[in-house]
Amino acid sequence: MPENCLFCRIANKQLPAKLVAESDHALAFHDIAPQAPVHVLVIPKAHYASLAETPDGAVMAAVSELAKRVARELGVEEAGYRVVVNTGDDGGQTVHHLHAHVLAGRRMTWPPG
Ligand code: 5GP
Ligand code: ZN
């Protein structure tokens, strides 16, 4: 684990976060600066700098399974939600540990900014 990786430290419970759900390989917690009434981050417990760094589809399978469960458990499944994986500079990625945003609770706009 990279020593200075923020989300590794959250995954290892060295830094506090408002946890929402957990599976064997992924963890979900509230974003510190929510952009919607529901804004949860879902990360693999293992470190991958971005989607581009994942070795196979298993990593995102674990992330999307937990994202789906979070939407169900937070009661937004029926109304709908958005799952976003910002990747690289142009993608708007600022934390370099793969994460999916689960956004819900308001009508999302398109195209994104
Ligand atoms: P990105 O821009 O990389 O797609 O998203 C990074 C997200 O991490 C941002 O939405 C930001 O608010 C969130 N974030 C940054 N630092 C922390 C933190 O220490 N705790 C939590 N819970 N979220 C964080
Ligand atoms: Zn990490």
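Buried means under 20% relative accessible area, exposed means over 50%, and partly exposed is what falls in between (1.4 Å probe, protein chains only). This is a predicted model, where local features need pLDDT of at least 70, side-chain atom pairs count only at pLDDT 80 or more, and totals for chains, interfaces and linings use all residues. Residues are numbered from 1 along each chain as its sequence is written, and side-chain values use heavy atoms, with hydrogens and water left out.

**Exercise 1. Work out which atoms coordinate the zinc ion (ligand 2), and classify the site.**

Step 1: Collect the donors, that is, N, O and S atoms within 2.8 Å of the metal (3.2 Å for Na, K and Ca); water is not among the atoms, so sites may look incomplete. You get C5 (SG), C8 (SG), H47 (ND1) and H97 (ND1), at 2.0 to 2.3 Å.

Step 2: Check the angles. Four donors pass as tetrahedral if all angles lie between 85 and 135 degrees. Here they run from 107 to 115°, so the zinc site is tetrahedral.

Step 3: Read off the spacing of the donor residues in sequence: C-x2-C-x38-H-x49-H.

Step 4: Place two of them. C8 sits in helix α1 and H47 in the loop between β3 (38-44) and α2 (57-73), so this pair ties together parts 39 residues apart in sequence. Helices (H or I, at least four residues) and strands (E, at least two) are DSSP runs, numbered from the N terminus.

Step 5: Buried or partly exposed? C8 is buried, at 2% relative accessible area, while H47 is partly exposed at 27%.

**Exercise 2. Find what surrounds ligand 1.**

Step 1: List the shell, taking a residue as near if one of its heavy atoms lies within 4 Å. There are 16 residues around ligand 1, and D31, N86, T94, H99 and H101 come nearest.

Step 2: Ask where they come from. Both α1 (6-11) and β2 (26-30) supply at least two shell residues, with α1 giving the largest share, three.

Step 3: Look for polar contacts to oxygen atoms of ligand 1 (pairs of N or O atoms within 3.5 Å). A polar backbone atom of T94 is 2.7 Å from one such oxygen, and a polar side-chain atom of H99 is 2.9 Å from an oxygen of the ligand. For G92, a backbone N or O atom lies 3.0 Å from a ligand oxygen.

Step 4: Get the coverage. On its own, ligand 1 exposes 520 Å², and the protein buries 81% of that (Shrake-Rupley method, 1.4 Å probe).

**Exercise 3. Describe the setting of S50.**

Step 1: Locate S50: the loop between β3 and α2.

Step 2: Judge its cover. S50 is buried, at 9% relative accessible area.

Step 3: Find its partner. A polar atom of the S50 side chain lies 3.0 Å from the backbone nitrogen of A52.

Technical notes. Chains lettered and ligands numbered in written order. Polar contact = N/O pair within 3.5 Å; in protein donor to acceptor, adjacent residues only side chain to side chain. Tetrahedral: all angles 85-135°; square planar, octahedral: opposite > 155°, others 65-115°.
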